[in-house]
Amino acid sequence: MRDIYELLNGIEVKTSAEDTLPVSEMEKKKVIKQLQHQIRTKKKRSYWKRMISAAIITFGLIGSLLVGLSFTSYAEDVPFLGNIFNFFSHDGHYVTYDEQAEKLDLVAESNGITLSIQDTVFDGRTLYITFMIETEKDLGETPWLNSLPRFTDTGMSGTERVTKIDEGKYIGVLETNHYAGHDFSEIEVEWIIDGISTEPNLEGTVFEGDWEFYFTVQATESRTIAVDNRWEIDGMTVTMDEIKITPMSFMIYYNHSVTEKLYNDWDFIFVEMNVEDDLGNVYPTLALGGYGDTDFDLNWVATYGKVDLDATQLILTPVIELSNSDTIGYDEDGNPIKASYRSVDSDADQEVIELEPITVEVK
């Protein structure tokens with residue numbers, strides 16, 4: 001677990017997400033695995049900032065269909081753009097989020113760039129914001145806002161998806177998570193952006209400005225199901241705490257703790273919760289975040305899509321993946337030099353352990 005500090009080198013002690021790097025879904029999973037033991041939001045460090053912001057995904061999904069449309073007529077001429085949540089829901093994210101969204105229609109203009117917030121949804125832990133950008137300046141294919149909304153003093157992390165829909169016109173959705181250890185019923189949001197760039201980390205062409213937004217949002221209604229279950233294997237304990245169900249998603253709260261020996265034996269230790277229901281529906285993990293006091297004891301929050309209305313049970317199966325980094329060379333004494341990652345076709349040691357599933361009644 002030593003090479004991970006190369007990845008974390010230079011992280012500032014603050015909680016905004018200024019360092020961003022576009023990566024693939026596979027690389028995103030690697031980054032999550034690499035950083036899972038480095039999270040200490042209660043110590044005011046910003047490891048989560050780097051983990052999630054390094055996993056920001058950008059999409060270029062629109063072709064010539066939209067060319068020539070005026071920005072103000074998109075919603076009428078192209079119905080799926082009437083709601084930005086729906087536009088980005090093709091991969092399972094944000095399905096039915098539009099039904100719970102609160103319309104904001106907030107606009108800020110600076111340096112010839114107009115940024116407008118359209119809708120927002122808050123599930124008690126994660127804030128979702130849709131936005132549009134309009135300008136005659138060349139922001140490239142996927143501009144970067146390089147700022148996260150803030151609504152708590154605890155650690156924050158986030159992701160954004162942006163796509164260009166015409167010359168000088170973009171739409172996007174942003175997620176911001178907090179790690180306070182509890183949910184909020186209402187939040188006061190402050191989102192201050194002082195630069196938009198054509199590349200991550202305020203690289204490329206940077207357009208300085210002053211875009212400020214302030215608003216209050218209520219959490220969606222939800223219900224919580226207590227789940228007190230514990231799995232133990234040699235060197236690790238996984239504990240299921242609870243499931244929270246909202247009208248558009250559900251979250252699973254769980255914990256894993258490891259011994260010092262297991263921690264030292266493996267470079268990456270990752271616990272994923274596989275979920276299906278009694279109807280045969282499989283729910284992929286849409287988001288994953290966590291916090292902890294030590295490297296050996298971490299709390300996780302996994303977000304999934306909407307529970308099927310006809311489902312009465314969820315079947316939860318913890319899957320533990322233990323793996324080592326790739327060897328990228330050897331030093332002058334013949335000792336292996338290990339990378340801070342594991343490649344897709346890696347032949348480094350790996351062990352996958354599937355624990356016994358449990359069934360949780362949701363109706």
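**Close-up views of a predicted model**

**View A. Strands β6 (186–199) and β7 (203–218) each supply at least two residues of the negative patch.** Strands here are DSSP runs of E with at least two residues, numbered from the N terminus. The patch at the surface consists of E190, D194, E208, D210 and E212, and its largest share, 3 residues, comes from β7, the strand in which D210 has its place. Patch residues have over 30% relative accessible area (Shrake-Rupley method, 1.4 Å probe) and no salt bridge, with like charges joined within 9 Å; Asp and Glu count as negative, and the place of a charge is taken as CG of Asp or CD of Glu.

The model is predicted, so that local features need pLDDT of at least 70 and side-chain atom pairs count only at pLDDT 80 or more, while totals for chains, interfaces and linings use all residues. Residues are numbered from 1 along each chain as its sequence is written, and side-chain values use heavy atoms, with hydrogens and water left out.

**View B. An open sheet is built from 5 strands in the order β1-β2-β3-β5-β4, with antiparallel pairing.** Its edge strands, β1 (102–110) and β4 (156–166), each pair on one side only, where pairing requires at least two DSSP bridges between two strands.

**View C. β1 and strand β2 (residues 113–122) run antiparallel and are joined by 7 bridges.** The bridge partner of K103 in β2 is D119.

**View D. D119 and K103 form a salt bridge, with their closest N and O atoms 3.3 Å apart.** This pair links distant parts of the chain, since D119 lies in strand β2 and K103 in strand β1, 16 residues apart. The structure holds 8 salt bridges (a side-chain nitrogen of Lys or Arg within 4 Å of a carboxyl oxygen of Asp or Glu).

Note on methods. Helices (H or I, at least four residues) and strands (E, at least two) are DSSP runs, numbered from the N terminus. Patches are made of residues with over 30% relative accessible area and no salt bridge: like charges are joined within 9 Å, nonpolar side chains (Val, Leu, Ile, Met, Phe, Trp, Tyr) within 5 Å.
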